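Got your viewer open? Let's take a walk through some charged pairs and then a few strands, one selection at a time.

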Amino acid sequence: ASPDGVLIAVGTEEGKVHLLDASSGQVLQTIAASARQVAVVKFAPNGQLLAVGTHDGKLALYAAGSWQLVASFDGHHALVGMVDWSEDSRFLRSCSADCELLFWEVAGRAQVTAAATMANTKWASHSCVIAWDVQGIWPADSDRTDINSIDLHPSRPLLAMGDDFRQVELARFPCIDRASAKKTFKGHSEHVTNVRWSRDGSRLVSCGGLDAGLFLWRLQ
């Protein structure tokens, strides 16, 4: 959803992005983003740009309002499934299916190859599963595909995770050590493909894979 809650962006298997009115559900605009499936969409915190990651390994930026392409980043070698904006909307980081984490500068329309310069960047979201502050999410002997989705609580140091073991887990953030305490919640009968906190942090939504389940959890 856009930062003001007015628009919802929905990616499709056909490579399109539909912009919907959040109140009515009406499709207001459609972007032909790729010939391949759209894997992730995310608005910049300032609401001026929409990032779109696709199965052809590309990350594109579209201008809000006109929905014209303003930048296309190449660098990944697998589908781009996770994207985070910096709080000031100046940078992005993206994670691909082959566990590659890349950084991008919006103004320069270029990759930030000196990753160390991004160490103190404050991120508006935490959905990339490959990052220093979430390295403890991985189970022992993991092949780095077992965690499908993470999301940080909007106001508390609480990280939600969805995995291939049909579980939703919660851990303290940052989660550096694999031995970090985690709480596990069961209900899904298949792998958990996505988890997201509500804007006020009172609820967590988890999406199942083959079970097609959509669970709503309450934080107490």
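Start by selecting Asp84 and Lys42: their side chains meet in a salt bridge, with N to O at 3.6 Å. Keep in mind as you go that you are looking at a predicted model. Colour by strand and you'll find Asp84 in S8 (residues 80–85) and Lys42 in S4 (residues 38–43), so this pair ties together parts that are 42 residues apart in sequence. Buried or exposed, these two? Switch on a surface to check: Asp84 is buried, and Lys42 is buried as well.

Next, pick Asp74 and Lys58. Here is another salt bridge, and the closest N and O atoms are 2.6 Å apart. This time, look at loops: Asp74 lies in the one between strand S7 (69–73) and S8, while Lys58 lies in the one between strand S5 (49–54) and strand S6 (59–63), so the contact ties together parts that are 16 residues apart in sequence. Keep the surface on for a moment. Asp74 has a relative accessible area of 48%, which makes it partly exposed. Lys58 is partly exposed too, at 33% relative accessibility.

Now move to Asp88 and Arg90, whose side chains form a salt bridge at 3.7 Å, N to O. Asp88 counts as partly exposed at 43% relative accessibility, and Arg90 is partly exposed with a relative accessible area of 47%. While you're on charged pairs, add Arg93 to a selection of Lys42 and Asp84: salt bridges that share partners join these three into one network. How many salt bridges does a search of the whole structure find? It finds four.

Time to leave the side chains and switch to cartoon view. Select strand S1 (residues 7–11) and strand S2 (residues 16–21), which pair in the antiparallel sense over five bridges. For a landmark, label Ala9, which stands opposite Leu19 in S2. The two strands make a hairpin with four residues between them. Zoom in on Gly15 in that turn: its phi is positive, about 85 degrees.

Carry on from S2 to strand S3 (residues 27–32). These two also run antiparallel, and five bridges join them. Label Val17 and look across to S3, where its bridge partner is Ile31. The hairpin of S2 and S3 has five residues between the strands. Which residue here takes a positive phi? Select Gly25, where phi is near 80 degrees.

Definitions and conventions: Residues numbered from 1 in each chain as written. Predicted model: local features only at pLDDT ≥ 70, side-chain atom pairs only at ≥ 80, totals over all residues. Heavy atoms only, no water. Buried < 20%, exposed > 50% of the residue type's maximum accessible area, 1.4 Å probe, protein only. Pairing = 2+ DSSP bridges.
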